Amino acid sequence: MCDIIIMVINDMEFISLKDCYKIYRNGVTAVARLNLKIEKGEFVFVIGSSGSGKSSIIKMLYREEKPSKGEVIVGGVNVAKLRDSKVYKLRRRIGIVFQDFKLLPNLNVYENVAFPLESFGLKKSEIKTKVHKALDQVGLREKYKSFPRELSGGEQQRVCIARAIVNEPKLLICDEPTGNLDSDTAKEIMNVIEKINKETQTTVIMATHAKEIVNRMKKRVVCIENGVLVYDKEKGTYKTHENTKAI
Ligand code: ADP
Ligand code: MG
């Protein structure tokens with residue numbers, strides 16, 4: 001079962017979580033009866049206070065965690081049922097950006113971005129084209145020879161975004177990508193991600209606390225409190241449990 005990965009069968013249900021639960025071994029229910037559909041090309045903010053379950057939801061999309069109950073479908077793939085030996089195929093199609101930059105300190109910018117492509121059996125010239133294209137998309141073409149320690153926080157996060165998109169994924173997942181950045185740099189990073197979403201129709205799912213950014217960008221907002229979806233709105237704003245009720 002699930003030997004063949006078929007990406008994007010149905011654009012209307014590019015991502016679908018059905019009655020999804022995540023209960024950790026210590027008994028914590030991080031996600032409860034979550035139903036969520038995301039179409040191809042959407043830009044979705046996942047908001048909610050710390051510990052509300054945002055990262056747990058995101059981890060289920062790239063099979064870092066399996067749902068305890070329910071279904072998680074990503075691009076036609078039933079992620080929970082995917083064999084361990086096939087998970088790498090799913091991850092090749094998903095770009096992931098975290099709060100902490102997770103760059104390899106001994107590799108330069110070019111090498112960091114090329115890193116995920118290394119096992120693909122591509123020609124050096126193909127890798128070069130892809131890496132420079134990705135660096136162009138994040139506005140870092142000039143700095144390809146720099147090492148992470150020579151870059152600002154914002155530049156390091158741009159490198160991470162380039163590394164995440166270098167294989168042209170259908171889905172870009174970002175977990176608090178601006179959490180370590182000042183507000184001006186955070187805005188720049190958001191502009192880069194928004195541009196990628198618009199120009200390449202890459203679906204973007206972003207967990208964030210950045211209230212100002214969420215309110216400015218007017219994207220779909222999904223709010224999670226105690227593992228439960230309490231708010232889901234197109235062109236939404238940053239709402240918390242005080243002004244939302246369970247839906
Ligand atoms: P958020 O990203 O919104 O801060 P998380 O998804 O990280 O929330 O956490 C949701 C809840 O699940 C929290 O109560 C957290 O302590 C718990 N949790 C997260 N990961 C684990 C884990 N691996 N084992 C046990 N509990 C966990
Ligand atoms: Mg988190």
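A residue counts as near a molecule if one of its heavy atoms lies within 4 Å of it. With that in hand, here are some close-up views of this predicted model.

**View 1. The shell of residues around ligand 1.** Welcome to the ligand site. The residues around ligand 1 are Tyr24, Asn26, Val28 and Ala30, together with Ser49, Ser50, Gly51, Ser52, Gly53, Lys54, Ser55 and Ser56. By character, the shell around ligand 1 divides into eight polar, three nonpolar and one charged residue. Helix α1, residues 54-61, supplies the largest share of this shell, with three residues.

**View 2. Polar contacts of ligand 1.** Here we zoom in on individual atom pairs. A polar side-chain atom of Ser56 is found 2.6 Å from an oxygen atom of ligand 1. The side chain of Lys54 places an N or O atom 2.9 Å from an oxygen atom of ligand 1. Ser52 takes part through its backbone, where a polar atom is 3.2 Å from an oxygen atom of the ligand. Ligand 1 taken alone exposes 560 Å², and the protein buries 65% of that.

**View 3. The hairpin of β1 and β2.** Strands β1 (residues 15-23) and β2 (residues 29-38) pair in the antiparallel sense, over six bridges. To find your place along the pair, look for Cys20, which stands opposite Leu34 in β2. The hairpin has five residues between its strands, and Gly27 takes a positive phi near 95 degrees.

**View 4. The open sheet of six strands.** Strands generally pair in a sheet through backbone hydrogen bonds, in either a parallel or an antiparallel way. In this sheet the order is β6-β7-β8-β3-β9-β10, and the pairing is mixed. Which strands stand at the edges? They are β6 (94-97) and β10 (228-233); each has a single partner strand, so one side of each is left without a neighbour in the sheet. On average, neighbouring strands of the sheet are turned by 15 degrees against each other, direction ignored.

**View 5. Strands β3 and β9, with the helices on the sheet.** Strand β3 (residues 43-47) pairs with strand β9 (residues 220-225) in the parallel sense over four bridges. Within this pair, Val44 has Arg220 in β9 as its bridge partner. Helix α6 (residues 183-200) packs on the sheet and touches β3, β7 and β8 (203-207). The direction of helix α6 makes about 140 degrees with that of β3. Helix α5 (residues 153-165) lies across β6 and β7 (171-175), and runs at about 165 degrees to β6.

Conventions:
Residues numbered from 1 in each chain as written. Chains lettered and ligands numbered in written order. Predicted model: local features only at pLDDT ≥ 70, side-chain atom pairs only at ≥ 80, totals over all residues. Heavy atoms only, no water. Polar contact = N/O pair within 3.5 Å; in protein donor to acceptor, adjacent residues only side chain to side chain. Areas by Shrake-Rupley, 256 points an atom, 1.4 Å probe, with all protein chains shown as cover. Helix = DSSP H or I, 4+ residues; strand = E, 2+ residues; numbered from the N terminus. Nonpolar A, V, L, I, M, F, W, Y, C, P; charged D, E, K, R; others polar. Pairing = 2+ DSSP bridges. Axes fitted to C-alpha atoms, helices over the stretch in contact; angles between N-to-C directions. Contact = heavy atoms within 4.5 Å.
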